[in-house]
Amino acid sequence: MKNRKKVLAALMAGVMTLSMNTAVFAAEDGYAVKATNTDAKSKDNDLVIAIEGSVSSMDPANIPDTNAISATRGCYEMLITFNENQELEGQLAESWEVSEDSLTYTFHLREGVKFSDGTDFNAAAVVANYERIIDPENKLRQRRTYVVAQPDGTEKFRVESIETPDDYTVVFKLTEAWSPFINRMTQFCMISPAALEEYGNDIMNHPVGTGPFICTEWEEGDHTSFERNEDYWGEKASVDTVTIKEVPEAGSRTAMLQTGEADLVYPMPADQMAAIQGSDDVNVLAADSNIMRYVTLNMNLPELQDVKVRQAMNYAIDKDAYIQLMYAGNGKPATSVVPSIISGYKEQTPYTYDVEKAKELMKEAGYEDGFKLTLWGDNITQDVKGMTFVKQMLSQINIDVEVLPMESATISDKIYVEKDEAEVNMWYVNWSASDFTMDGSVRSLLYSDMCPPTSANTAYFSDEEFDKLLDEGLATADPEKQAEIYGKAQTIAWEAAPWLFLGNDQLLYAAKSYLSGAYVSPDGSFNFAHAELAQ
Amino acid sequence: MGKYFCKRVASAIPLLLVISFVVFMFIHMIPGDPARMIAGQDATKEDVEVVREQLGLNEPLLVQYGHYMKGLFTGDLGDSVKNGKTVVETIAPRLKPTIMLTVSAMIWATIIGIALGIISAVFHGRALDYIGMIIAISGISVPSFWLGLELIQGFSVALNWLPTGGLDSWQSYILPSITMGAGIMAVLGRFTRSTMLETMREDYVRTARAKGLKETLVVMRHAFKNSLIEIVTVAGLQIGGLLSGSVMAETVFSIPGLGRLLVDSINFRDYKVVQALLLFFAAEYIFINLIVDVLYGVINPKIRYN
């Protein structure tokens, strides 16, 4: 009888947590919720991470999703990498230099590093990996970083030559200056050439790298397991094993954290935070992201041609309310066309929420009585909520928005059409440039050549000066010059308002308070190389 | 009977061919371009073209169907566009979890469902009947997604008796099986009850009672046995639905089964995996119906197969 009561009470508790409303939690010093029990201890030295999506590949040159980035980084390393503060630092390269003309990149490799199959890491391994990627037979996604398809069907190689003056020096010569090259090198992982020889593209099932862990099992759709690499060249990993579990349902992930089956869960939906309030040993953390949330305004439409209208629409949106509503306060209103984490970011004068000013601008543009527009976006709950918010805000200046949620692949089909067939008015969308470059963040969205069907400039924004600045930025690898050039480019786009600039959300993840050293990066990947479990 | 079986299997082949054609055409007609999905939103038109060519998507639909059929007969179902694994490699590891779960859900749901139905019918109009039907109606009305989450909250988080998911131990089967089977238990319970009530009004049941047979014998041998054909039909249809419709339980309990694979593959426009899965589900449905037909003969030897 006693037990039955316990079951009933437990079920009731479940009902109550599930039906609780989203409370408001704003992040302070990276913590959205801070654990009160800081002395908690882990019962073992095995790290379990529960994630939403799938690790769809363990081939670092053929990455279909961000989780695959996170998982492959357990056993693979690159020449250079971003550290926790998003600064470039050497990993398998001890140092590197870039020539004055931004055409030659020389990497000095770390000596004495071995792959987990016992073979040496050296310059020849770098060349073997590069050649594997550019071989069209291998059909690897990363090939596009180094080979650009031309409109006439030919291909242009970004790298003219790769030379190895000695066993531990690699020199990349580019065909023309391309500043994102250095950031893209943070995605260039080193696979053992001996293993590549043996397994070919089946290497995804037999990963062999130089990383702090060795991948012991990859079962797509279920889990990926690692054990400590005892022969690692650097500081050895603290945890014995790591298991990445794929747990698609948010409520189940939260439950795993509560029962201790998982030590870290990612992502942690804001609406689940109420559920973990009772646990005193769970931290909810917020990481700044490279996600830009915006609505594109088709500037070919007569109503949206006047810059005053587009600015008025920006003034009519309460960005703070947007962040509060959508991300329970875990985010920031947009302050430029890119998030602050992108290299070359420059803060712009905000379009502070001001309905009177917006109305005035609409009046000046001759649209006092407003007009009708459609708004496209993904049919997922969160996006529909955001679209409805935009609709309500714009109704204040008499713009009647019809919200049309669609499945993402359907939108894609409707977006990438010839200009005269374009039906898009407004598109509620987001963008994250995984290489953190300004070019990667804006070129495909705002460069005049990049209108659909070529790419995703659905604002049909076209500004000669802006294009020129982006090209100049691409041709210089000098960070100071880049900052100046990109600063100007951002101001042009910001003032022309081809988008409704909404915000940059933070990424929420939750971890047991006894876990340290594991974190989520701004690109949405998670890093567990230095994870420690307090015993 | 053997001849009948072979004939039925042979007649399934043209049906599967038609299904394969319909499935192929439908998948290729739904909006969404796999080449664009692979190349990424920032890819240029040229990049997308390169991918399309690699996948053979630039060929006319009928030609693509021809390749697909050729592959089907030579055992080559193609590769998943997501990571280059073959379709067989992609689907094979997902079969076991779904089948194990389906079987465990089906076993308890059938036993409890039928028992509930019989008890309700026997105690028609009395308290036990109402209790039985309340259980059955709850099973139908509670959404399996919600039920799954509640079971986790109760038995995993609060009581710490059972794991929240996965299929690592026998204990881990309990909650997903309950979640998956609840609806079927309810359907079978309701159906058994109404069929039994009808049968129990038949003359031969009255005769059996008049002969002075024990009530349990009357119920089990005369009433239940004669209701069995209809119960088996409904149970067969339910199993078919379970295999392809386990996506909810698989999602809540993080089980890498076929249902989740189907949803993921549709979202990624992984045509070849979707085609193979749909064809598999169709074949499985046909097969289960065949088993049901064969069972008719076992239950009632009077039924002859021609």
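**Exercise 1. Where is the place of Phe436(A) in chain A?** Describe also its backbone and its surroundings in this predicted model.

*Solution.* Begin with the position along the chain: Phe436(A) sits in the loop between S20 and H13 of chain A. Next, turn to the backbone, where Phe436(A) has a positive phi of about 60° although it is not a glycine. Such a value deserves a remark, because most residues other than glycine have a negative phi. Finally, look at the cover: Phe436(A) is buried, with a relative accessible area of 3%.

**Exercise 2. Find Asn398(A) and state whether it is buried, exposed or partly exposed.**

*Solution.* The loop that holds Asn398(A) lies between helix H11 (381-395) and strand S19 (399-406) of chain A. Its phi is positive, about 65°, although Asn398(A) is not a glycine. For the cover, the relative accessibility of Asn398(A) is 42%, and the residue therefore counts as partly exposed, since that class falls between the limits of 20% and 50%.

**Exercise 3. Follow the chain onward from Phe436(A) into helix H13 of chain A, and say which elements its buried residues pack against.**

*Solution.* Helix H13 of chain A covers residues 438-446, and nine of its nine residues are buried. Among these buried residues are Met438(A), Val442(A), Leu445(A) and Leu446(A), but also Asp439(A) and Arg443(A), which bear charged names in a covered setting. The partners come next: the buried residues of H13(A) pack against the strands S16, S20 and S21 and against helix H14 (464-475) and helix H15 (479-496), which belong to chain A. In the loop between H13 and H14 of chain A one meets Pro453(A), and the peptide bond that joins Pro452(A) and Pro453(A) is cis, with omega about 5°.

**Exercise 4. Which strands are joined to S16(A) by bridges, and in what sense do they run?**

*Solution.* First establish the cover of strand S16 of chain A, residues 291-297, in which seven of seven residues are buried. Both faces share in this, with Ile291(A), Arg293(A), Val295(A) and Leu297(A) buried on one side and Met292(A), Tyr294(A) and Thr296(A) buried on the other. Then consider the neighbours: S16(A) is joined by seven bridges to strand S20, residues 426-432, in an antiparallel arrangement, and Val295(A) stands opposite Tyr428(A) there. Four bridges link S16(A) to strand S21, residues 499-512, which is again antiparallel to it, and in that pairing Thr296(A) has Trp499(A) as its bridge partner.

**Exercise 5. How many bridges join S15(A) to S21(A), and what else pairs with S15(A)?**

*Solution.* Strand S15 of chain A spans residues 282-288, with six of its seven residues buried. Seven bridges join S15(A) to S21(A) in the antiparallel sense, and Asn283(A) stands opposite Ala511(A) in this pairing. Strand S1 of chain A, residues 31-33, also pairs with S15(A), antiparallel and over two bridges, where Val33(A) is matched with Val284(A). In the loop between strand S14 (264-266) and S15 of chain A lies Pro267(A), and the bond from Tyr266(A) to Pro267(A) is cis, with omega near -5°.

**Exercise 6. Why is Cys215(A) not bonded to the closest cysteine sulfur?**

*Solution.* Over all chains, the structure holds zero disulfides. For Cys189(A), the nearest cysteine sulfur is that of Cys75(A), 8.5 Å away. The sulfur of Cys215(A) also has its closest cysteine sulfur in Cys75(A), but 5.2 Å is too far for a bond, because a disulfide requires the two sulfur atoms to lie within 2.5 Å. Both cysteines are covered, Cys189(A) with a relative accessible area of 5% and Cys215(A) with one of 11%.

**Exercise 7. Describe chain B, and then find what the buried residues of H12(B) pack against.**

*Solution.* The secondary structure of chain B consists of 13 helices and zero strands, and its C-alpha trace spans about 85 × 60 × 30 Å along the principal axes. Of its 306 residues, 49% count as buried. Within helix H12 of chain B, residues 258-267, the buried residues include Leu258(B), Leu261(B), Leu262(B) and Ser265(B). These buried residues pack against helices H5, H11 and H13 of chain B, together with strand S13 (241-246) of chain A. After H12(B) comes Arg269(B), with a positive phi near 55°.

Technical notes: Residues numbered from 1 in each chain as written. Chains lettered and ligands numbered in written order. Predicted model: local features only at pLDDT ≥ 70, side-chain atom pairs only at ≥ 80, totals over all residues. Heavy atoms only, no water. Buried < 20%, exposed > 50% of the residue type's maximum accessible area, 1.4 Å probe, protein only. Pairing = 2+ DSSP bridges. Contact = heavy atoms within 4.5 Å.
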